[in-house]
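Thank you all for coming; I would like to take you slowly through one structure this morning. Please have a look at it on the screen, and then we will go through it together.

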Amino acid sequence: MSKIKCQCGHENPFGTVLCERCGRPQTEDAINSKTVDMRYEGSARRSQTYKRTIIDKIWNFFSSVKIGISIIVAVLATSAIGTIFPQKLYVPVSDAELGEYYERLYGIFGVIYYKLGFHDMYNSWWFITLIGMLGTSIIIASVDRVIPLYKSLKMQRTKRHPSFMKRQRIYGSGQVNDADDSINKAAIKLKELRYNVKIEDGAILAEKNRFSRWGPYVNHTGLIIFLSAILLRGIPGFYVDETLWIREGEMLEIPGAPGYYIENNGFTIENYSIEEDDEVFSTALERVGMIPKNYQTDVSLYKNADDALPGQTENIELVKDESIIVNHPLTFDGYSVFQMDFRLDELKSMTFQLTEKATEESLGEFTIDLINPDDKYELGNGAIVEVKEYYPDYDGIKDGEPYSKSPIPNNPAFIFKMITPEKPEGEMSFVAIRQTLETEENDYKANFLSAETRDISGLTIRKDRTLYLLLFGGIVFMIGVSQGSYWNHRRIWIQKGEENEILLASHTNKNWFALRKEIEQVREYADLPQYEDREDTESELDDEEGDFK
Amino acid sequence: MDFASLSSNLLLVSFIAYLVATLFFGGAVKGAKTEKAYQNSKWGTIGITITIIGFLTHLGYFITRWIASGHAPVSNMFEFVTAFGMMIVGAFILLFYMYRTPSLGLFALPIAVVIIGYASMFPTEITPLIPALKSYWLTVHVITVVIGEAILAISAVAGLVLLLKVTDLTKKSKQRFWLESVIFTIVLVVGFILSSSMFSIMGNEAEFTYIDKNGDPAKIEYIYPPIFGMNEYEALTPDAMTPLFEMPAIVNAKTLTTFVWSVATGIVLYLLIRLIIRRPIATLFQPFAKKANTRLMDEIGYRSVLIGFPVFTLGALVFAMIWAHEAWSRFWGWDPKEVWALITWLFYAAFLHLRLSRGWEGEKSAWLAVIGFIIIMFNLIAVNLILAGLHSYA
Ligand code: HEM
């Protein structure tokens, strides 16, 4: 495409609205308008210039801020819908029962919600597509603008053509007593106000905080870094997320962290108490009742020797003893282990006594470890109890057989064979909690004596190599957004016209009142002509009364 | 006097100071002919002085309560909302010194007063921290969020002033309707405060047992006369009013009862005022907005979004993620409170883009600011009460 040559001699890229150097309007529209759109300095943007091929069309689609805003609003709306009912993640039932769960609690709305997939909104393909479009849009829109903006800000000349000045939102002209003196004084005052002042040919360009113009592009870069970090989690090794239920006294291999073992030395739960804790809490404790104070798992961390085979535990070494508390994870080698959950009082072992029914005489006691029960227990004097069957989580009879719904000892039941000197061929008995069944009347029975319990800690193992990248993205975003929000790019042009005429124009990318405060100071000091802010019609009154602040 | 009671007294002092300061700002606006004249009025100077005194005592409340409880007082609804009220005043002071406009104070302070009143309806006693909240990130995260939200709230105040000024209230219009609706909503909050204080003074608490949505038995206490009963409720308090309706387990009938009573009180209050003045209530406030400069209010609204947005991002997203990672092992969990923080953030991002590239200024931008405030309040109030999540305080 051909270049556009301005009257000042500068060659502008095709599509330019305002000459990069002197600011003369280049298009019919710009020439005929009263004020010009200064947003991207009237520079040539690809999206405004090329509109023919498919690539142009895609580019133009994503570079439109209107589309960008629509995508933002779409993400916003879908996110909101996802909070109407609890997400799948927070629902305490298995996947198969989900539909039924939503129907039971929320009726017809629950059914619709579930059927449309809103119960897993944030993992749905359309939500992920939206996020992808958001990212694309941010990248394209930024690239479309930042390069031409950079070029034209770099190219700008101190002295602008009057036709440029006249089209600024803030503009004024008029005769002063001594134009040269005014220009000199203005330069002094502007420097005092920390403007970067350039003088050329009797014209001033005072500029301040140009870097704030890059704010949006920096913050968008931060967002893109953040979004890419999230993509990275899909790559194996970047991200580990496992849960581990570990009983008191147990030592287990840490899932997701090969070679590491963890031993649970004890779980503690503590509540606040009116007697022991600070008395300012007593009113609250009386009203609410129990308030938890601490959840804690004391653990030992072990590491396998480097040359050990997986699963081999002979040569493990203690790394450290630590207490995992909520908000204080155990950390090692990039991993963190969190206190997430607990189950209190799981049955650990049960103790029975073998007695003769008629005499109630004991033949001895035996204790069954409910995780690893022995096959038989010898009680001495020829009395033996054999464990024929073990149902850790007995849940009634199914197809004529007792049935265990899980391997967790929530409701243990046994089939014992009781061998005694009197009954050497043995008697069979089915024993569950508060229940004993016999096929025929036995002479002996196994009496439940006592049980021991222990707590289980629910731990989460997490390794996230993307964390620092996420944080970096966040920091870049914060820098960019502060840059663009707390500083404004302000420019003031002052130049001599005919004789003692002075032209004054000014532009800021935001906060015009704050800019006007500064111009006012310069105007008073340097005897500059009155100006107007073409968008503000109300302050006239005030200005006439004198010091506008 | 111990720190706990000193703290509540200081809060009371600041509450009164804000009321008094409002009157002075009213005087400043009333006595002036133009924006310029009222900027330097005596009344305005006294008004801002009293506001600052109120803010300092409010800060005193915050610090003494911190000392008394041993943790930053931002751990339950009362504390959080009170801090929000305080920061709104702080944000107003900041913007007052940037733009010196009493109209802003005239509207910001009453809103802060209503918010503090609202906060006081929640249990005010000092509660110990549950394990999940025991982290200095609680302090850092919540305080930053509160500051950010308060600055953003100022943009809604400026928006409201702008809308009151430019809307023709003598003629029926969409804008008049919506403006009146905003005022109506504020009256509803006042209705909640009135009815809640009235019933707690009368002291007819009623206790019930009920079956919750997981099928477990639970207990609950009503302060309001129970209109709606919980799922399979049974009264524990003799001669308490019998609920008129029983609700299914997913509905919190107590919240619903409170809601219905507050709305009813608010409607009665609204109708009463309408009956007396015989025109939209917005007209009562309009004269106070008339002197403001539209462009200036527009800029204050925009400026406060610009100042508040980065602070809000830092608190509600960055710090929140860091803490969530430490407390719950994941930096983001799509918990309703988190999602609504994200929605708030996206909303203000849309606001900034609309303004910058589509030229949404003046009335459009003012409405967006008001909607933003509604979203913030929704997250503060409704998400806690209705969409329960990990964050549900109190
Ligand atoms: C959640 C996502 C986004 C956030 C948080 C965000 C944030 C911002 C912020 C804070 C600004 C500066 C506004 C100001 O200074 O007033 C900005 C400007 C901008 N944003 Fe975004 N943005 C997001 C997405 C997008 C998208 C999807 C687009 C695509 C069209 C986009 C395009 C732009 C453009 C073109 C500017 C203006 C730059 C200028 O005129 O100098 N942004 N953005």
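Let us begin at Lys510(A), where a polar side-chain atom lies 2.3 Å from an oxygen atom of the ligand; please keep in mind throughout that this is a predicted model. On the other chain, the side chain of Tyr302(B) has an N or O atom that is 3.2 Å from an oxygen atom of the ligand, and His353(B) places a polar side-chain atom 2.5 Å from a nitrogen atom of the ligand. These contacts come from both chains, which fits with where the ligand sits, namely between chains A and B.

Now let us widen the view to the surroundings. There are 26 residues around the ligand, and those that come nearest are Tyr40(A), Ser137(A), His220(A), Lys510(A) and His353(B). If we sort the residues of this shell by character, we find 18 that are nonpolar, six that are polar and two that are charged. Several helices each supply at least two of the shell residues, among them H4 (65-81) and H6 (125-155) of chain A and H10 (294-328) of chain B. Which helix gives the most to the shell? That is H11(B), which contributes six residues.

Next comes the metal. The ligand carries an iron atom, and His220(A) and His353(B) both coordinate this iron through their NE2 atoms, at 1.9 to 2.1 Å. This pair crosses between the chains, since His220(A) belongs to helix H9 of chain A, while His353(B) belongs to helix H11 of chain B. Why do we call the arrangement around the iron octahedral? Because there are six donor atoms around the iron atom, and the angles they subtend run from 80 to 178 degrees. As for the two histidines, His220(A) counts as buried because its relative accessible area is 16%, whereas His353(B), at 26%, is partly exposed.

Finally, a word on the cysteines. A disulfide is a covalent bond between the sulfur atoms of two cysteines. Over all chains, this structure holds zero disulfides. Take Cys6(A), which is in no disulfide, and whose nearest cysteine sulfur, belonging to Cys22(A), is 3.7 Å away. Cys22(A) itself has its closest cysteine sulfur in Cys8(A), also at 3.7 Å, and this is too far for a bond because a disulfide needs the two sulfur atoms within 2.5 Å. Both Cys6(A), with a relative accessible area of 4%, and Cys22(A), with 2%, are buried.

How values were computed:
Residues numbered from 1 in each chain as written. Chains lettered and ligands numbered in written order. Predicted model: local features only at pLDDT ≥ 70, side-chain atom pairs only at ≥ 80, totals over all residues. Heavy atoms only, no water. Near = heavy atom within 4 Å. Polar contact = N/O pair within 3.5 Å; in protein donor to acceptor, adjacent residues only side chain to side chain. Helix = DSSP H or I, 4+ residues; strand = E, 2+ residues; numbered from the N terminus. Nonpolar A, V, L, I, M, F, W, Y, C, P; charged D, E, K, R; others polar. Donors = N, O, S within 2.8 Å, 3.2 Å for Na, K, Ca; no water. Tetrahedral: all angles 85-135°; square planar, octahedral: opposite > 155°, others 65-115°. Buried < 20%, exposed > 50% of the residue type's maximum accessible area, 1.4 Å probe, protein only.
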